[in-house]
Amino acid sequence: MAADLHLRIVTPDRTIVDRKVAAVSFQGVDGGYGILPHHAPLMTAIAQTGSAEITEVDGRKHELFVSDGFAQMQHNVLTLVCEAGEFAHEIDLNRVKAAEQKAREKMAGLDKLSEEFLRAEAQLRKALAREMLARRNSGTGSLG
Amino acid sequence: MANLKELRGRIKSVASIAQITRAMEMVASMKLRKVQAKAQAFHPYTEEIRHMIERLAGKVSKEGELPLFRAREVHTVGILVVSSDRGLCGSYNSNLLFSLKKIAEELQQGGKQVKFWCYGRKSYAWLQRRGFHVERFFVEPALDKADFGAAKMIAQALVEAFSTGLVDDVRLYYTRFQSMIRFVPKQEPFLPISSIAVGEPDDDRFELDFLLEPDANTVFNRLMPRYLETVVYDAMVQALASEHASRRMAMKSATDAAVRMNKGLKKVYNRARQENITKELLDIVGGASAVS
């Protein structure tokens, strides 16, 4: 039996993924991680706007957007705990566009050093990351 | 009998009240179910965050910068109150607010200032009327529609108030949902964080050695705000569930009372009608025998 890895992705709204996968890669705060089955125990923070790629047991790959979270590996279970998580095909481009627009407008009227500006900038970055991911994946088939 | 018409009017109005309260009861129980589903979906997230904190707590050095843990002398107490936006939910709000008043008065007698953060229109109006100092009233989004984002915003506001020194102690005050028929007002300490033991040795439950990147304190400091958000969100969901359950109960007893009243009124009405008919019959019979 091929070794596989149990992946759980948990957000405040729902548990997105809870199944066996072959591999996962994601961006941590200090660089990219690639997790294979039986990785050493690990705990790290995920980059504010990142994407994760899941390689399914059958070799297919899925990308998803994750933001503001943590990853921990324990007993061959990888748990991504993040505030938002969406599969690329679930991303609503119109909503993302609206968010992007809003963030840009907000930034235009703010002092570049203020906290508000940084917050708006983070929003913008999230919107852009989502958009990029959705575009890259548009046209791919649905998930199994 | 002029009484008959009056009775008919009353029967009708009581029946329509019963209809309305029954509808409200059903809406409340549906909303309650929704909130419970929300709470359930949220549960794994809280568990994970808590679990990670426990796992990390042993690795964090106390010398590190953990300002949210530092207790200081308390001059001002901040209380976040979660109540409902609307009434007609039985004693839900009054239970909460009366015991809140007691707590606030005790604090004030102890020479402390009390500042309030309000979620829910009822608590805001109530506190304002009694001359308490309300620091901020959260209006958007309405509690009914509140999601994790709202909890995040509130947690941020509270953390900011604590770290700028506006308040030295933050508590949450809300109604905890215990069962469909039991909800109790509850006070919970929020800041400084005391519920987590930092620097305690690890539990055996975890794999002891693990990679930590970039380092324990960095991860921990990023984890803390998340944890606080879950605490606030939990309070909100609990309060919301209690509100709906309380409203459901209040509306159920209102419906029952209306139905009972309607029954009584109908009995009176029928008796009066019967009496009328008998009287009329007697009149007719009397008239007929007089003619013949």
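I'll start where the two chains meet: β5 of chain A and strand β6 of chain B, residues 211–213, run parallel and are joined by three bridges. Keep in mind that this is a predicted model. In that pairing, A:Met43 sits opposite B:Leu212 of β6(B).

Let me stay with that methionine for a moment. A:Met43 belongs to strand β5 of chain A. Is A:Met43 buried or exposed? A:Met43 counts as buried because 21 C-beta neighbours fall inside 10 Å, and the cut-off for buried is 20 or more. If we set aside neighbours within four places in sequence, its contacts in chain A are A:Phe70 and A:Gln72. On the chain B side, A:Met43 is in contact with B:Met52, B:Arg55, B:Leu56, B:Phe210, B:Leu212 and B:Val219.

Now the whole interface. Contacts between the chains involve 20 residues of chain A and 21 residues of chain B. Which elements of chain A give two or more residues to that side? They are β5, residues 42–45, β7, residues 61–74, and β8, residues 77–87. β5(A) gives the most, with four residues. By class, the chain A side has 10 nonpolar, seven polar and three charged residues.

Next, chain A as a whole. Chain A has two helices and eight strands. Reading from the N terminus, the order is β-β-β-β-β-β-β-β-α-α. The C-alpha trace spans about 60 × 35 × 25 Å along its principal axes. Of the 144 residues in chain A, 31% are buried. If you take contacts between residues at least 6 apart in sequence, 53% of them join residues at least 24 apart.

The domain assignment splits chain A into domain 1, residues 5–88, and domain 2, residues 90–137. Taken over C-alpha atoms, the centres of these two domains of chain A are 23 Å apart. Domain 1 of chain A puts nine residues into the contact between them, and domain 2 of chain A puts in 10. On the domain 1 side, the elements giving two or more residues are β6, residues 49–55, β7 and β8 of chain A. β7(A) gives the most here, with three residues. That side of domain 1 has three nonpolar, four polar and two charged residues. For a sense of distance, take A:Met43 and A:Ala98: they are 55 residues apart in sequence, and their C-alpha atoms are 34 Å apart in space.

β7(A) and β8(A) appear on both lists, the one for chain B and the one for domain 2 of chain A. How do these two strands run relative to each other, parallel or antiparallel? β7(A) and β8(A) run antiparallel, joined by 10 bridges. A:Gln74 stands opposite A:Val77 of β8(A). The hairpin they form has two residues between the strands, and A:His75 takes a positive phi near 50° there. β8(A) also pairs with strand β1 of chain A, residues 5–10: five bridges join them, and they run parallel. In that pair A:Val10 is opposite A:Val81 of β8(A). As a reminder when you look at any of these strands, side chains in a regular strand alternate between the two faces of the sheet.

Over to chain B. Here there is an open sheet of five strands, in the order β3-β2-β1-β4-β5, with mixed pairing. The edge strands, which each pair on one side only, are β3, residues 133–138, and β5, residues 182–191, of chain B. From one strand to the next the twist averages 25°. Within the sheet, β1 of chain B, residues 76–82, pairs in the parallel sense with β2 of chain B, residues 113–119, over seven bridges. B:Leu80 is opposite B:Trp117 of β2(B).

Which helix lies across this sheet? Helix α5 of chain B, residues 216–291, lies across β1, β2, β4 and β5 of chain B, at about 40° to β4(B). α5(B) also packs against helix α4 of chain B, residues 148–163, at an angle of about 115°, with the axes 8 Å apart. That crossing is right-handed. Residues making the contact include B:Phe148, B:Ile154 and B:Val159 of α4(B), and B:Leu228, B:Val232 and B:Met236 of α5(B). By class, the contact of α4(B) with α5(B) has 10 nonpolar residues, no polar ones and two charged.

That is the end of the tour.

Key: Residues are numbered from 1 along each chain as its sequence is written. Chains are lettered from A and ligands numbered from 1 in the order in which they are written. This is a predicted model: local features need pLDDT of at least 70, side-chain atom pairs count only at pLDDT 80 or more; totals for chains, interfaces and linings use all residues. A residue is buried if 20 or more other C-beta atoms lie within 10 Å of its own, exposed if 12 or fewer, and partly exposed in between; C-beta atoms are placed from the backbone. Two residues are in contact if their C-beta atoms, placed from the backbone, lie within 7 Å. Ala, Val, Leu, Ile, Met, Phe, Trp, Tyr, Cys and Pro count as nonpolar, Asp, Glu, Lys and Arg as charged, and the others, Gly among them, as polar. Two strands pair if DSSP finds at least two bridges between them. Domain bounds come from an automatic or database domain assignment. Axes are lines fitted to C-alpha atoms, for helices over the stretch in contact, and angles run from 0 to 180 degrees between N-to-C directions. A crossing is left-handed if the near helix is turned anticlockwise from the far one by less than a right angle, and right-handed if clockwise.
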